[in-house]
Amino acid sequence: MATLDNHRIGTLVSINVSNGGVPKRRVTDAKVSRLGLLKDAHNDTEGHGGPERAVCVYALERIRALQSEGHPIDVGTAGENLTVEGIDWALVAPGARLRLGDEVVLEVTSFTSPCKTIRDSFIDGKFVRISEKLHPGWSRVYTRVLSEGEIRFGDAVELTLPPE
């Protein structure tokens, strides 16, 4: 019998959408389709969106740590659609899956390359602070949607690691 790993179960603390660009603003619930959150848009559809980059996810613990370094980042200002808390972010890598609430399942496809549109969230515009190549473990992630449905603020988030 497997033991419960509390670092793999967390909470959806913010759902963030915009009409394009950042910051993304909090909403209480959202419908998740294969192409992302309904009512969310991107100004740059070449660099963002599509089925392999449908939903961007980030950890509240990383945002707080960046704030403690003096960065003016906040929930949604780095363009993430979902902000989660309570999961060991070091385990969130391509192939991992996130179950949100009762319906939605996401699979991490890649680490998200930061771009200049989020520079205002960082001291001296140094948005590369969340580059996976330069600072492993600090990146946001892109996900594909394996199971569509509704999500709500406060939903449980369960991390499943890929088979080894």
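This passage walks through strand pairing, cysteines and salt bridges in a predicted model.

A good place to start is a small open sheet. Three strands make it up, in the order 4-3-10, and their pairing is antiparallel. Strand 4, covering residues 36-37, and strand 10, covering 149-152, sit at the edges, and each of them pairs on one side only. Strand 3 spans residues 29-33 and is joined to strand 4 by two bridges, with the two strands running antiparallel. Within this pairing, V32 has L37 of strand 4 as its bridge partner.

Strand 9 is another one to follow, as it turns up in two pairings. It covers residues 141-147 and pairs with strand 5, residues 55-59, in the antiparallel sense over three bridges. Here V57 has V141 in strand 9 as its bridge partner. Strand 9 is also joined to strand 8, residues 104-111, this time by six bridges, and again the strands run antiparallel. In that pairing, E107 stands opposite R144 of strand 9. Both of these residues come back below, among the salt bridges.

What about the cysteines? The count of disulfides comes to zero. A disulfide needs two cysteine sulfur atoms within 2.5 Å. For C56, the closest cysteine sulfur belongs to C115 and lies 10 Å away, so the gap is too far for a bond. Looking from the other end gives a matching picture, as the closest cysteine sulfur to C115 is that of C56, at 10 Å. The surroundings of the two can be described as well: C56 is buried, with a relative accessible area of 3%, whereas C115 counts as partly exposed at 24%.

Salt bridges, on the other hand, do occur, and the count comes to seven. One of them joins D40 to K24, with the closest N and O atoms 2.8 Å apart. D40 lies in the loop between strand 4 and strand 5, while K24 lies in the loop between strand 1 (9-17) and strand 2 (25-27), so this pair ties together parts that are 16 residues apart in sequence. D40 counts as buried, at 17% relative accessibility. K24 is buried too, with a value of 5%.

The three-stranded sheet has a salt bridge of its own to show. The side chains of D29 and R152 meet at 2.9 Å, N to O. D29 belongs to strand 3 and R152 to strand 10, and the pair links parts of the chain 123 residues apart. D29 counts as partly exposed at 31% relative accessibility, and R152 counts as partly exposed at 47%.

A further salt bridge runs between E69 and R129, where the closest N and O atoms are 2.8 Å apart. E69 sits in the loop between helix 1 (60-68) and strand 6 (82-85), whereas R129 sits in the loop between strand 8 and strand 9, so the pair ties together parts that are 60 residues apart in sequence. With a relative accessible area of 38%, E69 is partly exposed, while R129 counts as buried at 13%.

Finally, some salt bridges join up into a network. E52, R97, E107 and R144 are linked in this way. That brings back two residues from the strand pairing described earlier: E107, which stands opposite R144 in strand 9, is linked with R144 in the salt-bridge network as well.

Terms used: Residues are numbered from 1 along each chain as its sequence is written. This is a predicted model: local features need pLDDT of at least 70, side-chain atom pairs count only at pLDDT 80 or more; totals for chains, interfaces and linings use all residues. Side-chain values use heavy atoms; hydrogens and water are left out. Two strands pair if DSSP finds at least two bridges between them. Helices (H or I, at least four residues) and strands (E, at least two) are DSSP runs, numbered from the N terminus. Buried means under 20% relative accessible area, exposed over 50%, partly exposed in between (1.4 Å probe, protein chains only). A salt bridge is a side-chain nitrogen of Lys or Arg within 4 Å of a carboxyl oxygen of Asp or Glu.
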